[in-house]
Amino acid sequence: MEILKPAIAGTLESSDAQVTVEPGEGGIELSLTSSVMNQYGRQIKATVLETLERLDVSSARVTVVDKGALDCTLKARVECAVFRSCGASAANIPWGGAVR
Amino acid sequence: MKNAVGREIPDSLLVNGKEVYQGKNYMDGKYIQKAAPKTRRYETPRESKIVDSIVQALKDCGAKSGMTFSFHHHLRDGDYVVNMVMQAAIEELGLEELTIAASSLGAAHDPIADYIEQGKVVGIQTSGIRGRMGEVVSAGKLKTPAIIRSHGGRPRAIEGGEVHIDIAFIAAPTSDCVGNCRGVGGKSDCGSLGYAMTDAKYADHVVVVTDCLVDFPNFPTSVEAIDVDAVVVVDSIGNPKKIASAAARITQNPRELMMAEQAAKVISVTPYFKDGFSFQTGAGGPSLAVNLFLEQYMDERNIKMGWAIGGICGPMVELLKKGKVGKVIDVQDFDLDAVQSIHTTPNHFEMSASQYANPANKGAFVNKLDFVVLAALEIDTGFNVNVLTGSDGVLRGAPGGHPDTAAGSKVCIIVTPLVRGRMATVCEHVVTVTTPGDCVDVLVTDYGIAVNPLRPDLIECLDNAGIPHVTIEALKEKAYSLVGRPDGLEWEDKVVAVLEARDGTILDVVRKIKPFVL
């Protein structure tokens, strides 16, 4: 998917993550802060990158402000931000396809 | 050298007779040589010991660089006295190389972090260390490793001369002109002054700082004028709103209530739950809620609690007033109900920290405790508990009376959710061991109960009562299945804090955390 415009998903509540995606200049530029950085930073990074790859996003600036979200939450927030950035979040979400 | 909880203690710390932790009650029967302070004679009768300012009091007590000043934390997050005294000593008198020996330090003391960074404060001895101070100490900016002690370990160290207090500062809600102090009355009530008592007896000099001068004699006293050199009257010793919280309410959180209910159930099926039993609970949500459920079991069996100790909150005062507890003896009051109750409710008494929890005296209250219910930041599969360091390795807590009550009690129950956000509370290895696993008996979580295999008698109690329980390993795996397996923290070699077991041996060290690079 192509990131067309800046979009945001999620909150700064505890156990959530706020994910912002913006159009990139080729490649994924990830900025990550987390309340559980020392113990889960690498896993969060891997989860975010995997999700982007699954959605076929190859160029984006992604900012994740994590407040201790579980992996499932992180995936959902990344997916939502990406779909919103393409104006594709209102209908026809590929449940069970790219979103699983 | 590895200690009994498997922690590697650097040999450089094992000097002057310091040993590594060897297990519960290792020091039993050994002798301790008590240290006596060098105190000044006030032989000429004088009407008053009031001096104009803290600076004057410091001068009168011969304050100089390199000294150790002590403080107590009954004013909690509302305390002004630590900052007031350190500012006078450092900024007005230009003193350096100072050590702070406090019963605890908290959010009120962020300004001390600056003095640490400037190298003016070079030593910290405390139970609690939080906020900016925790961060600068964790960053290795304190010249010597901070020494963290439990509430019982502190009076042991003071009485045994491991901490020599040059000047003790007593934050007194009321005092008379010669220094008889009480925690009741005035505008900064805090109730018990239990943590200050040992300081007053063992410090070379004692300065009372008060914002409410009352007629002589201010009796019955918590700190006696016979130990006091000077009295300073200031506008305010603390912010009353932050000294004692409004009455601690029992949690409405269903998960916490469920855990509290389980903990009370466990208590009720042990042989120690009988008329006259003794009890202590922490002030945290689920721990405090145990009071509620325990009362139901007490009513059902028609039994009463003999006595309770602590850190006291409103719910325990309620039980006392209802006649369901014989006596409440406390070292500190957490909320307004408790502050108002001490000295007015019959059978509500004050005690010193030494009487509460010191393992080196001839029998502290904790030694006769049947049950204690406590919280934990983390607990590992060896039942070791951490209440000091966060999951990022930074100092942000306090052992308090946790290790003392756990060691003294017949049944120590830890109540904690299995995970907090993404943090696994039940884990493979806690970041820092603050209470050794040989003192912890039962773990109650929202995903099940585990009993320490060291207590087959309790396992039998639960089995007979049909209370299901699992291994702590199973709880840990459940936690990791929810949040993922955490990466280990990465440390530098530098030790930033030494965690003393309550008996004075070294239980663990906290090292400087390596900056995390993704």
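The following exercises, with worked solutions, concern a predicted model.

**Exercise 1.** Determine how the strands of the open sheet in chain A are ordered, and which strands stand at the edges.

*Solution.* The open sheet contains 4 strands, arranged as E1-E2-E4-E3 in chain A, with mixed pairing. Strand E1 (7–9) and strand E3 (27–34) of chain A each have a single partner strand, so they stand at the edges and one side of each is left without a neighbour in the sheet. From one strand to the next, the twist averages 15 degrees.

**Exercise 2.** Describe how strands E2 and E4 of chain A pair, and identify which helices pack on the sheet.

*Solution.* Strand E2 (residues 17–23) and strand E4 (residues 59–66) of chain A are joined in the antiparallel sense over 7 bridges. Within this pairing, A:Val19 stands opposite A:Val64 of E4(A). Helix H1 (residues 37–54) of chain A packs on the sheet by touching E3 and E4 of chain A, and its direction makes about 150 degrees with that of E3(A). Helix H2 (residues 71–85) of chain A touches E1 and E2 of chain A, and its direction makes about 30 degrees with that of E2(A).

**Exercise 3.** Establish whether B:Pro359 is buried or exposed, and locate this residue in chain B.

*Solution.* B:Pro359 belongs to the loop between helix H12 (353–357) and strand E15 (371–374) of chain B. A residue counts as buried with 20 or more other C-beta atoms within 10 Å. B:Pro359 has 26 C-beta neighbours inside 10 Å and is therefore buried. Among the residues that B:Pro359 touches are B:Met27, B:Gly152 and B:Arg502.

Terms used: Residues numbered from 1 in each chain as written. Chains lettered and ligands numbered in written order. Predicted model: local features only at pLDDT ≥ 70, side-chain atom pairs only at ≥ 80, totals over all residues. Helix = DSSP H or I, 4+ residues; strand = E, 2+ residues; numbered from the N terminus. Buried ≥ 20, exposed ≤ 12 C-beta atoms within 10 Å, placed from the backbone. Contact = placed C-beta atoms within 7 Å. Pairing = 2+ DSSP bridges. Axes fitted to C-alpha atoms, helices over the stretch in contact; angles between N-to-C directions. Lists of a residue's contacts leave out its neighbours within four places in sequence.
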